[in-house]
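Please open the model in your viewer and keep the selection tool at hand. The stops below are meant to be followed in order, each beginning with something to select.

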Amino acid sequence: MTKTRLYSGMQPSADSLQIGNYIGALLNWKKLQQTHDAFFSIVDLHAITVAQDPAKLRENTRATAAQYIAAGIDPAESTLYVQSHVAAHAQLAWALNTLTGFGEASRMTQFKDKSQKQGADATTVGLFAYPVLMAADILLFQSEIVPVGEDQRQHVELTRDLAARFNSRFGDTFTVPEASIIRDTAKIYDLQNPTAKMSKSAESHAGVIWMLDEPSVTAKKIMRAVTDAEGGVVFDRENKPGVANLLTIYSVMAERSIQSLEDEYAGRGYGDFKKGLAEVVTETFGAIRGRTLELLDDPAELDRILAGNADRAAAVADVTLANAFERMGFLARR
């Protein structure tokens, strides 16, 4: 039986992923690779839409790949590769740019938000075309499913529009994908500002749980997490956002229902609750950290794994690209 094809990726924008990446993406990917024909990418071409230090970008790319593997993404079971290792991404993106309306691209919410913050002079054409490159990423592999957060739904809708437009103009070429939206309940908030999404770009890292933090650092951040003066381990997003956020993390990391956690900690203080959460998180991330550091200690072997997976990805992507180019009328190289 043929497995359903899916594609997803994350930017190598920091030397460590954070718990939101783990809960929002990696845990989901780990399950999906068992049931789907999965392609997972470290999307370094997307990362350069903002200025990057070249040496740091290479370092972050390896570190991100190592954390994927350490968290359970199996490069033998799925296709795990670096985006820039497959030239077809950039080539198809250029072709799709010519089918994308300027107004259509201008309406992308993330572009509008970022360009307003940065100003016109600091906003690059790359940032403007980012969603088209994302469309190329997805369409190259004839992806049927794209697991993304709600904030990426609009980009998948653009991908669907471009696939249908290409197919209408040049003949049936691309699979029109469906977005698989990750549950809102898995959204993770900053430990110090539990009304704001946890982010690598937070002003203070005191509220961010990094996967590669020392266990003692992680435990300290959890023990210092903002709660409230009322007491009571109860899930109430509106009135107790700090406690609700910690319950969400605990529930996912321990694979337990929020109700069971509320029952366990009924009548007990936040200190006990945070201590229990810290033990669960540090146990999981301690193992991931150890495996990640092992992989990074042998960069040649890690690079070999990534190169082999890039070859597998290119074998699929190059067929799609050649077919699309032939239908657009490009002269094939003989």
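Which residues of helix H6 (residues 109-118) are buried? Select the helix in this predicted model, and the buried positions to highlight are Gln 110, Phe 111 and Ser 115. Seen down the axis of H6, these buried residues fall within an arc of 115°, and they therefore line one face of the helix. Now turn to the face of H6 that points away from the buried side, where the exposed residues Gln 116 and Lys 117 are found. To see what the buried side packs against, add helix H5 (102-106), H7 and H8 to the selection. Before leaving this region, select Gly 119, which comes just after H6 and takes a positive phi of about 90°.

Next, select His 155, which belongs to helix H8 (residues 153-170). This residue is buried, with a relative accessible area of 2%. If residues up to four places away in sequence are not counted, His 155 touches Met 108, Gln 110, Tyr 130, Pro 131 and Met 134. Gln 110 will be familiar from the previous stop, as one of the buried residues of H6.

From there, move to Leu 140, located in helix H7 (residues 125-140). Leu 140 is buried, and its relative accessible area is 0%. With its neighbours within four places in sequence left aside, Leu 140 is in contact with Ala 88, His 89, Leu 92, Val 316, Ala 317, Thr 320 and Leu 321. For a sense of scale, draw a distance from Leu 140 to Gly 271, C-alpha to C-alpha: these residues are 131 apart in sequence and 50 Å apart in space.

Several contacts of Leu 140, among them Ala 88, Leu 92, Ala 317 and Leu 321, lead on to the following pair of helices. Select helix H4 (residues 88-97) together with helix H13 (residues 299-328), which pack at an angle of about 25° with their axes 10 Å apart. The two helices are therefore roughly parallel to each other, and H4 passes H13 in a left-handed crossing. On the H4 side, show Ala 88, Gln 91, Leu 92 and Ala 95, which meet Ala 317, Asp 318, Leu 321, Ala 324, Phe 325 and Met 328 in H13. By residue class, this contact is made up of 8 nonpolar, 1 polar and 1 charged.

Keep H13 selected and exchange H4 for helix H3 (residues 54-70), whose axis comes within 11 Å of that of H13 and crosses it at roughly 75°. That angle makes H3 roughly perpendicular to H13. Here Arg 62, Ala 65, Ala 66 and Ile 69 in H3 meet Pro 299, Leu 302, Asp 303 and Leu 306 in H13. The residues of this contact divide into 6 nonpolar, no polar and 2 charged.

The tour ends at helix H9 (residues 215-223), where the residues to select are Thr 218, Lys 221 and Ile 222, the buried ones. Because they cover an arc of only 100° around the axis, they are on the same side of H9. An α-helix has 3.6 residues a turn, so residues three or four places apart point the same way. Finally, add helix H12 (270-296) to the view, since the buried residues of H9 pack against it.

Note on methods: Residues numbered from 1 in each chain as written. Predicted model: local features only at pLDDT ≥ 70, side-chain atom pairs only at ≥ 80, totals over all residues. Heavy atoms only, no water. Axes fitted to C-alpha atoms, helices over the stretch in contact; angles between N-to-C directions. Helix = DSSP H or I, 4+ residues; strand = E, 2+ residues; numbered from the N terminus. Parallel < 35°, antiparallel > 145°, perpendicular 65-115°, else oblique. Left-handed = near helix turned anticlockwise from the far one by under 90°. Contact = heavy atoms within 4.5 Å. Nonpolar A, V, L, I, M, F, W, Y, C, P; charged D, E, K, R; others polar. Buried < 20%, exposed > 50% of the residue type's maximum accessible area, 1.4 Å probe, protein only. Arc of directions from axis to C-beta.
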